[in-house]
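Please read the following account alongside the sequence and the coordinates, taking the overall architecture and the charged side chains together.

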Amino acid sequence: GTPCQIPGQPAVALSPDQAAQIAKNAADAAAAQAEAQAQAETREAMKEKAYADKVARENARKAEENTKAAEAQAARNEAIAARAARAAAAAKAAKAAKAAKEEEEAKEAKEAKEAKEAKEAKAAKEAAEKKAKEAAAEEKSKAASSSSSSSSSSAGKSSGSQNSSKHELHHIRHKYGSLY
């Protein structure tokens with residue numbers, strides 16, 4: 001029903017109803033396009049939000065795994081440190097026990113040595129006293145035998161034998177030291 005416009009000719013005038021219908025159609029088309037555009041933008045925004053949420057969840061999961069791994073590593077490190085501390089304490093105690101044992105053994109060895117030396121010194125003293133007694137007994141018997149012979153020459157001899165036993169006693173004292 002709308003007459004065609006011929007180029008070069010003035011436009012055919014539209015009735016008010018026709019003009020209103022054309023304006024209404026244009027407005028409807030523009031509104032439909034704007035609504036479609038808004039729906040497309042909403043769908044895009046929802047996709048972006050879903051992706052951002054997915055990334056955030058993934059990051060949170062990774063962070064939780066890292067935290068758990070760090071806590072597990074810290075617990076392992078703590079256990080290793082505790083074992084090392086126990087081992088160090090045990091080594092220190094063993095060292096102290098060894099030192100105490102060595103000290104005790106050294107003390108016992110010293111006491112044994114001192115006891116042995118005292119025993120040897122006592123034996124040497126007893127031997128010296130025994131020799132001195134034997135020498136004195138020998139001297140007495142010589143003196144008794146020399147006094148029974150009344151000659152003056154035998155008396156001279158007895159003083160000579162007395163000198164030799166004194167000389168022997170001197171050697172004994174020199175050898176063993178003056179123990180009495």
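**Charged pairs along a helix**

Lys68 and Glu64 are both part of helix H1, where a separation of four residues places them about one turn of the helix apart. In this predicted model, the two side chains form a salt bridge whose closest N and O atoms are 3.4 Å apart. The partners differ in accessibility class: Lys68 counts as exposed because its relative accessibility of 52% is over the 50% cut-off, whereas Glu64, with a relative accessible area of 46%, is partly exposed.

The setting for this pair is a protein with two helices and zero strands, in which helix H1 covers residues 16-148. Of the 180 residues in the protein, 6% are buried, and the accessible surface comes to about 14900 Å², with 58% of that area belonging to carbon and sulfur atoms.

How many salt bridges does the structure hold? There are six, and the pair described above is one of those for which the geometry can be followed atom by atom. Another joins Lys49 to Asp53, with the closest N and O atoms 3.1 Å apart; these two residues also lie in helix H1, again four residues apart and so about one turn of the helix from each other. Here Lys49, at 52% relative accessibility, counts as exposed, while Asp53, at 32%, counts as partly exposed.

Further along the chain, Glu138 forms a salt bridge with Lys142, and the closest N and O atoms of this pair are 3.3 Å apart. Both residues belong to helix H1 and are separated by four residues, about one turn of the helix. In this case each partner is partly exposed, Glu138 at 39% relative accessibility and Lys142 with a relative accessible area of 30%. Beyond such pairs, salt bridges with shared partners connect Glu58, Arg61 and Glu65 into one network.

Charged side chains also appear in another arrangement, in which like charges are grouped on the surface. Which residues form the negative surface patch? The patch consists of Glu102, Glu103, Glu104, Glu105, Glu108, Glu111, Glu114, Glu117 and Glu120. Among them, Glu103 can be placed in helix H1, and Glu103 counts as exposed because its relative accessibility of 60% is over the 50% cut-off. Helix H1 therefore holds both the salt-bridged pair Lys68 and Glu64 and Glu103, a member of the negative surface patch.

Key: Residues numbered from 1 in each chain as written. Predicted model: local features only at pLDDT ≥ 70, side-chain atom pairs only at ≥ 80, totals over all residues. Heavy atoms only, no water. Buried < 20%, exposed > 50% of the residue type's maximum accessible area, 1.4 Å probe, protein only. Areas by Shrake-Rupley, 256 points an atom, 1.4 Å probe, with all protein chains shown as cover. Patch = residues over 30% accessible without salt bridge, like charges linked within 9 Å, V, L, I, M, F, W, Y side chains within 5 Å. Salt bridge = Lys/Arg side-chain N within 4 Å of Asp/Glu carboxyl O. Lys, Arg positive; Asp, Glu negative; His and termini not counted. Charge placed at Lys NZ, Arg CZ, Asp CG, Glu CD.
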